[in-house]
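Trainee: Could you pick one part of this model and take me through it closely? I'd like the cut-offs behind each term as you go.

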Amino acid sequence: MVPTTSSETDQNSETKSSFHEVSNAKPPQVAVSVADKKLAANVAIVQTETLTSTATDKSLLQNGDNQKLRVSAHREAAIPMGELNGAEYIGINEVPSPRANNAKKVSLLPLIFLIFYEVSGGPFGVEDTVHAAGPLFALLGFLIFPLIWSVPEALITAEMGTMFPENGGYVVWVSSALGPYWGFQQGWMKWLSGVIDNALYPVMFLDYLKSAIPALGGGLPRILAVLALTLVLTYMNYRGLTIVGWVAVSFGILSILPFVVMGLISIPKLKPARWLVADVHNIDWNLYLNTLFWNLNYWDSISTLAGEVHNPKKTLPKALFYAVILVVLSYFFPLLIGTGAVPLERDSWTDGYFSDIAKILGGVWLRCWVQGAAAVSNMGMFVAEMSSDSFQLLGMAERGMLPEFFAKRSPHGTPLIGILFSASGVILLSWLSFQEIVAAENFLYCFGMILEFIAFVWLRIKYPNAPRPFKIPGGTIGAVLLCIPPAILIGVVLAFSSIKVMVVSLVAVAIGLVLQPCLKFMEKKRWLKFSISSHLPDITSHGPLLH
């Protein structure tokens, strides 16, 4: 037997003491695999190489039960850890992602305004509700519709987004519940509807400026303006999500301020009787519902950025709560001002009419301010939507649904290929009219939401005890009841769609049904490289996340 020196004895006793403290601590419950057992057996031998790792683990555990534990050893598989108490899933010998090195996480305030721009961006675009149904139905729509649609969608996003806090967002939710084929279909329809949505904003931007610059109304100047605007805003996305978040905050303040001033100016001119004007026999239900739906959806889009958010399990639900309040107020009060302070001319209530109201109430200076705010708002919506669309493609690539090159990040931590694909789609679709774009994206978005509701309810039924940092109360029955009103609304919106929009949208859906098997065939033939990122947890029914 080899004698031990006093220093070796001290080292061994220190090691045993360290392991004794680790064993007495109360770490989060973990899913133990064969790899874990092998690792524990090796560590029990108390080899000299593990002393540094043990001391590091000891210092981490001293901060409390909620600290994240990282163990350095050979990694055999991606092993999710720490399912409870808000801990993150960190595998053995995990390599930090490029995002962690090259980009900062998004905090609460920028996240609120990113959601604000994903959904709203201010009252620009709500004018058609008055044109379609009159003041009373327009005001009621923006009070009732959020309860039927926005609140349920935001709650589902909060629960599912904290359950799966990664960049795939709703693609991961549907994949976990229904399998990767339907997860891909969800990703295809949502990405396509997002790109169609983004094609609106250069159009709306120029519509608000064409009264001041008539040359932007059509022809070559308009085409060049769309291209230039798209390139500038695309570059802003390339430079980083943190920049986009704080740009959204500043844009949001600039977009809302002129309506605060307009409201103060309008007080002496308000006539409440104008708010009650309604003509039930003269309502364009298709335009009315599509405009409401478009202005109050896309709450789930922020889920595709969950991997870039600081502490998403707490930050995401808070941001959604504050964003719902901000969005509803940003629609309702400008409509109160416009319909109450100016005599009603329903035919005049079209895209850009708020700038005319500003001129009537305050003069040319206020109209210019509103036009500038509209331009800023459309830029904010563009960068927020493009961030969501491009990070969705990155998340799908990290899950092996798209070729590996979609997961490539720029030096700023942004999804380079995803940004280029999304920008190309915007340029190709920007020739469509406002009404055509809204109707087409709503149709595709409805199909995606149906899959989302099914996945939400199915995961509640099949895995009721899976960790959910934010959980909607009411159990499985409450989850089903929550989905019924928005599901009915989806049916109504689809029923009012035109034949042209329906045919184009169904063709787009059919392309997705064929595209996924084609990509799988390319993967099998090794024409394109696909891979699943090693730092992501297993979301299959056999994985520890759902069990």
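**From the tail to the aromatic core**

Mentor: Let's start at the tail end, with Arg526, which counts as exposed because its relative accessibility is 76% (exposed is over 50% relative accessible area, buried under 20%, partly exposed in between, with a 1.4 Å probe and protein chains only). This is a predicted model, so local features need pLDDT of at least 70 and side-chain atom pairs count only at pLDDT 80 or more, while totals for chains, interfaces and linings use all residues. Residues are numbered from 1 along each chain as its sequence is written, and side-chain values use heavy atoms, with hydrogens and water left out.

Arg526 belongs to the segment after α20 (499-524); helices (H or I, at least four residues) and strands (E, at least two) are DSSP runs, numbered from the N terminus. Its phi is near 60 degrees, a positive value in a residue other than glycine. Most residues other than glycine have a negative phi. Tyr298 has a positive phi too, near 70 degrees, but Tyr298 is buried, because its relative accessible area is 2%. That residue takes us to the part I'd like to look at closely.

Tyr298 is found in the loop between α13 and α14. Its ring pairs with that of Tyr445 in a tilted arrangement, 4.5 Å centre to centre with 35 degrees between the planes. The rule is that rings of Phe, Tyr and Trp (its six-membered ring) pair if their centres lie within 6.5 Å; planes under 30 degrees apart count as stacked, over 60 as edge-to-face and the rest as tilted. Tyr445 is in helix α18 (residues 434-462), 147 residues away from Tyr298, and the pair links these distant parts of the chain. With a relative accessible area of 0%, Tyr445 is buried.

Which residues make up the aromatic cluster? Phe145, Trp149, Phe293, Tyr298, Tyr445 and Phe453 form it. The count for the model is 25 aromatic pairs. Another tilted pair joins Trp149 and Phe293, at 4.8 Å centre to centre and 50 degrees between the planes. Trp149 sits in helix α7 and Phe293 in helix α13 (residues 285-295), so this pair ties together parts that are 144 residues apart in sequence. Trp149 and Phe293 are both buried.

Helix α7 itself deserves a look. It covers residues 135-163, 29 residues in total, and reaches 41 Å from first C-alpha to last, close to the 42 Å expected (1.5 Å times one less than the number of residues). Even so, α7 bends by about 50 degrees at Pro146; the bend is the angle between axes fitted to the seven residues ending there and the seven starting there.

Back on α18, Gly448 lies in that helix and is buried, given a relative accessible area of 0%. Leaving out residues up to four places away in sequence, Gly448 touches Gln186, Met189 and Lys190, where contact means heavy atoms within 4.5 Å. The C-alpha atoms of Gly448 and Tyr170 are 9.1 Å apart, although 278 residues separate the two along the chain. Lys190 and Tyr170 also meet each other: the charged end of Lys190 sits over the Tyr170 ring, 4.2 Å from its centre. A charge sits over a ring if NZ of Lys or CZ of Arg is within 6 Å of the ring centre and within 35 degrees of the ring normal.

Two other helices give a similar kind of picture. Phe251, in helix α12 (residues 241-266), counts as buried because its relative accessibility is 13%. Setting aside neighbours within four places in sequence, Phe251 is in contact with Tyr117, Val376, Met379 and Gly380. Its C-alpha lies 8.2 Å from that of Met379, which is 128 residues away along the chain. Asn378 is in helix α16 (residues 364-398) and is buried, with a relative accessible area of 1%. Its contacts, again not counting residues up to four places away, are Tyr201, Met204 and Phe205.

For the wider frame, the protein chain has 20 helices and 0 strands, and 54% of its 547 residues count as buried. Of its contacts with a separation of 6 or more, 83% are between residues 24 or more positions apart. The accessible surface comes to about 23,900 Å², with 67% of it belonging to carbon and sulfur atoms (Shrake-Rupley method, 1.4 Å probe; for residues, only the protein chains shown count as cover).
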